[in-house]
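Please walk me through this structure, taking a few individual residues and strand pairings in turn.

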Amino acid sequence: MKKISILLLLITTCFMAQAQTKDETNVLTAVENMRLALISGERAALQNVAAEDLSYGHSSGKLQNKTEFVEAIANGSSDFVSVEYKNQTVKVTGKTALVRHELHAKTNDGGKPGEVHLGILLVWQKQGREWKLLGRQAYKLIEVK
């Protein structure tokens, strides 16, 4: 009887973890789609990842809506050559997900090569079956000496 109870507990735990993991996995897929859209600059991919009510905050304090965000990447004024995420975490609560990571990227904004190293908070909202980027705030990373 004890073995059956332990087995049932393990099965229940696996199903509970799997339910959590499914949303987290879907959010992480959306985050990866955003990363690829930033690099490609494809207008349709950028529009697809963003919610209509997007608030996209830069570390400088500049805010963009969905149209401004898409246009800046698509026209190359903000050009990502490569993007890497480090120390990423995801927390899903209902239809909202918070993703934090460090963004390390090579850029070519306006034809001028550069690098950025920022902390990022992404707010994702489940709209129908898809996760859409509702909010993004970048901040400067503090160097530890």
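**Residues and strand pairings**

Threonine 107 lies in strand S4, which covers residues 96-109; the model that shows this is a predicted one. Threonine 107 is buried, because its relative accessible area is 10% and burial is assigned to values under 20%. The contacts of threonine 107, leaving aside residues up to four places away in sequence, include Asp79, Phe80 and Val81 on the one hand, and Lys112, Pro113, Gly114, Glu115 and Val116 on the other.

Two of these contact residues, Phe80 and Val81, lead on to isoleucine 39, since isoleucine 39 also touches Phe80 and Val81, together with Ser82 and Val83, when residues up to four places away in sequence are not counted. Isoleucine 39 belongs to helix H1, which takes in residues 2-40. The C-alpha atom of isoleucine 39 is separated by 7.3 Å from that of aspartate 79, although the two residues are 40 residues apart along the chain, and Asp79 is itself among the residues that threonine 107 touches. Isoleucine 39 counts as partly exposed because its relative accessibility is 28%, a value that lies between the 20% and 50% limits.

A further residue to consider is glutamine 127, which is found in strand S5, residues 112-127. With a relative accessible area of 33%, glutamine 127 is partly exposed, and therefore it too falls between the limits of 20% and 50%. Along the chain, glutamine 127 and threonine 96 are 31 residues apart, yet their C-alpha atoms are separated by 9.7 Å. Once residues up to four places away in sequence are set aside, glutamine 127 touches Ala51 and Lys132.

These contacts direct attention to the pairing of strands S1 and S6. Strand S1, residues 50-57, runs parallel to strand S6, residues 130-140, and 4 bridges join the two. Within this pairing, alanine 50 has leucine 133 as its bridge partner in S6.

Strand S1 is also joined to strand S2, residues 63-64, by 2 bridges, and here the strands run antiparallel. In this pairing the bridge partner of tyrosine 56 is glutamine 64 in S2. S1 and S2 form a hairpin with 5 residues between the strands, and in this hairpin glycine 61 takes a positive phi near 100 degrees. Strand S1 thus takes part in both a parallel pairing, with S6, and an antiparallel pairing, with S2.

Methods
Residues are numbered from 1 along each chain as its sequence is written. This is a predicted model: local features need pLDDT of at least 70, side-chain atom pairs count only at pLDDT 80 or more; totals for chains, interfaces and linings use all residues. Side-chain values use heavy atoms; hydrogens and water are left out. Helices (H or I, at least four residues) and strands (E, at least two) are DSSP runs, numbered from the N terminus. Buried means under 20% relative accessible area, exposed over 50%, partly exposed in between (1.4 Å probe, protein chains only). Contact means heavy atoms within 4.5 Å. Two strands pair if DSSP finds at least two bridges between them.
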